[in-house]
Amino acid sequence: QVQLVESGGGLVQPGGSLRLSCAASGTFFSIDPMGWYRQTPGKQRDLVADITSGKNTNYADSVKGRFTISRDNAKNTVYLQMNSLKPEDTGVYYCHANYRRSSWDPSREVWGQGTLVTVSS
């Protein structure tokens with residue numbers, strides 16, 4: 001069983017910064033990509049950013065230039081550095097990953113439990 005454990009959420013003032021971390025544990029052949037989604041009440045969960053094991057990145061337009069996703073493949077950990085935070089960045093941030101248990105196993109997905117980020121003065 002693969003699990004994702006997140007940390008780093010909290011309350012921050014507009015213009016501030018936060019760093020989220022997500023570590024994958026369990027047994028898997030590969031885990032790729034890893035990323036972050038954001039959900040606010042009454043809305044669907046939307047992609048914020050994701051990153052492949054080859055360090056190719058993808059960002060939502062709303063966070064480009066402010067957020068940076070990175071990954072430590074040796075630790076199976078993904079990070080989200082969030083700078084110049086705005087009130088509209090508020091939401092529950094979920095870590096997400098696709099993984100395979102073997103080279104011939106179909107791709108499976110796993111979600112973290114979510115961490116709340118609140119941007120408010």
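**Exercise 1. Determine whether Cys 22 is buried or exposed, and establish which covalent link Cys 22 takes part in.**

*Solution.* Cys 22 has a relative accessibility of 0% and therefore counts as buried, since the cut-off for that class is under 20%. The model examined here is a predicted one.

Step 1. A search of the whole structure returns 1 disulfide. The link joins Cys 22 to Cys 95, with 2.0 Å between the sulfur atoms. The distance satisfies the criterion because a disulfide requires sulfur atoms within 2.5 Å.

Step 2. Cys 22 belongs to strand 3 (residues 18–25) and Cys 95 to strand 9, so the pair ties together parts that lie 73 residues apart in sequence.

Step 3. The partner, Cys 95, is likewise buried, at a relative accessible area of 0%.

Step 4. The angle about the S-S bond is -85 degrees, and the link of Cys 22 and Cys 95 is left-handed.

**Exercise 2. Identify which residues are linked with Asp 89 in a network of salt bridges, and locate each pair in the chain.**

*Solution.* Side chains of opposite charge can pair when their charged atoms come close.

Step 1. The structure contains 6 salt bridges. One of them joins Asp 89 to Arg 38, with 3.4 Å between the closest N and O atoms. Asp 89 sits in the loop between strand 8 (77–82) and strand 9 (91–100), while Arg 38 is part of strand 4 (residues 30–39); the pair therefore ties together parts 51 residues apart in sequence.

Step 2. Asp 89 also meets Arg 66 in a salt bridge, at 2.8 Å from N to O. Arg 66 is found in the loop between strand 6 (57–59) and strand 7 (67–72), so its pairing with Asp 89 ties together parts 23 residues apart in sequence.

Step 3. The network thus links Arg 38, Arg 66 and Asp 89.

Step 4. Burial is assessed next. Asp 89 has a relative accessible area of 2% and is buried; Arg 38, at 17%, is buried as well. Arg 66 also falls in the buried class.

**Exercise 3. For the salt bridge between Arg 101 and Asp 105, state how far apart the closest N and O atoms are, and classify Arg 101 and Asp 105 as buried or exposed.**

*Solution.* Step 1. The closest N and O atoms of Arg 101 and Asp 105 are 3.8 Å apart. This meets the criterion because a salt bridge requires the two atoms to be within 4 Å.

Step 2. Arg 101 has a relative accessibility of 52% and counts as exposed, the cut-off being over 50%.

Step 3. Asp 105, by contrast, is buried, with a relative accessible area of 9%.

Terms used
Residues are numbered from 1 along each chain as its sequence is written. This is a predicted model: local features need pLDDT of at least 70, side-chain atom pairs count only at pLDDT 80 or more; totals for chains, interfaces and linings use all residues. Side-chain values use heavy atoms; hydrogens and water are left out. A salt bridge is a side-chain nitrogen of Lys or Arg within 4 Å of a carboxyl oxygen of Asp or Glu. Helices (H or I, at least four residues) and strands (E, at least two) are DSSP runs, numbered from the N terminus. Buried means under 20% relative accessible area, exposed over 50%, partly exposed in between (1.4 Å probe, protein chains only).
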